[in-house]
Amino acid sequence: MDFHELIINRRSIRKYTDEPISAEDVKLILESALLAPTSKSSRAWQLVAVEDKATLEVLAGCKPMGAVSVPRCSLAVVVAVDSTKTEAWVEDASVAASYMQLQAAALGLGSCWVQLYGRFTADGTPSDQFVQETLGIPETCSVLCIVTVGHPDEVRKPQDTDKLKWENVHVDRW
């Protein structure tokens, strides 16, 4: 599958089978994040790969809605950046997370971005703080999201390129 087909077919998957992800595929997914470009080559991302089912259940409490994929996945990767090393931490974390999702799709796996930054748990605790404390992530590391990965247990239609919003593209000027 070429890259264009990959991005047309990559969809957020929230339901996964119980089949584990091979160690080789986990390595490729993590490596893709480590290959992502960063502002000023800071390479300040920090990744916490979680496969333990009990920990995934706890992490699912990071927000009341939108975290359903966390306890269902085989692998959850928490994406954080040492914000003392770069002011572009949101951008750096976003690119790393996106690269992991594309690598997962290329391997035939499903993934879903679970936004943490700016979100809250059911009791009002910031979601990023909840995950930070759950996993022992240092305070200097800002947590952006969790990328869940697994073997898909649902089928999603590809993106419909006929519905692309070309009216949102401006050339030379607005």
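These legends go with close-up views of a predicted model.

**View 1. Four strands make one open sheet.**
The strand order is β1-β2-β4-β3. The pairing is antiparallel. Two strands stand at the edges: β1, residues 45–50, and β3, residues 110–115. Each edge strand has a single partner, so one side of each is left without a neighbour in the sheet. Neighbouring strands are turned by 20° against each other on average, direction ignored.

**View 2. Strand β4 pairs with β3.**
β4 covers residues 141–150. The two strands run in the antiparallel sense and share six bridges. Look for two pairs of residues here. Gln115 stands opposite Cys145 of β4. Val114 has Ile146 of β4 as its bridge partner. In a regular strand, side chains alternate between the two faces of the sheet.

**View 3. Strand β4 also pairs with β2.**
This pairing is antiparallel too, and it has eight bridges. Val77 faces its opposite number here, Val147 in β4. How many residues of β4 are buried? The count is 10 of its 10 residues, and the strand is described as mostly covered.

**View 4. Helix α2 packs on the sheet.**
α2 spans residues 23–34. The helix touches β1, β2 (75–82) and β4. Compare the direction of α2 with that of β1: the angle is about 165°.

**View 5. Helix α4 lies across the four strands β1, β2, β3 and β4.**
α4 spans residues 89–106. The helix runs at about 10° to β4.

**View 6. Helices α2 and α4 meet.**
Their axes come within 8 Å. They cross at roughly 145°. The crossing is right-handed. Which residues of α2 take part? They are Leu28, Ile29, Ser32 and Ala33. On the α4 side, the partners are Ala96, Tyr99, Met100, Gln103 and Ala104. The residues of this contact divide into seven nonpolar, two polar and no charged.

**View 7. The count of disulfides is zero.**
Two cysteines of β4 are worth a look. Cys141 is in no disulfide. Its nearest cysteine sulfur belongs to Cys145 and is 14 Å away. Is Cys141 buried or exposed? Cys141 has a relative accessible area of 6%, so it counts as buried, the cut-off being under 20%. Cys145 is in no disulfide either. The nearest cysteine sulfur to that of Cys145 is that of Cys112, 10 Å away. A disulfide needs two cysteine sulfur atoms within 2.5 Å, so neither distance qualifies. Cys145 is buried as well, with a relative accessible area of 0%.

**View 8. Lys40 sits in the loop between α2 and β1.**
Is Lys40 buried or exposed? Its relative accessible area is 71%, and exposed means over 50%, so Lys40 is exposed. Now find Ala88. Lys40 and Ala88 are 48 residues apart in sequence. In space, their C-alpha atoms are 9.2 Å apart.

Conventions. Residues numbered from 1 in each chain as written. Predicted model: local features only at pLDDT ≥ 70, side-chain atom pairs only at ≥ 80, totals over all residues. Heavy atoms only, no water. Pairing = 2+ DSSP bridges. Axes fitted to C-alpha atoms, helices over the stretch in contact; angles between N-to-C directions. Contact = heavy atoms within 4.5 Å. Buried < 20%, exposed > 50% of the residue type's maximum accessible area, 1.4 Å probe, protein only. Left-handed = near helix turned anticlockwise from the far one by under 90°. Nonpolar A, V, L, I, M, F, W, Y, C, P; charged D, E, K, R; others polar.
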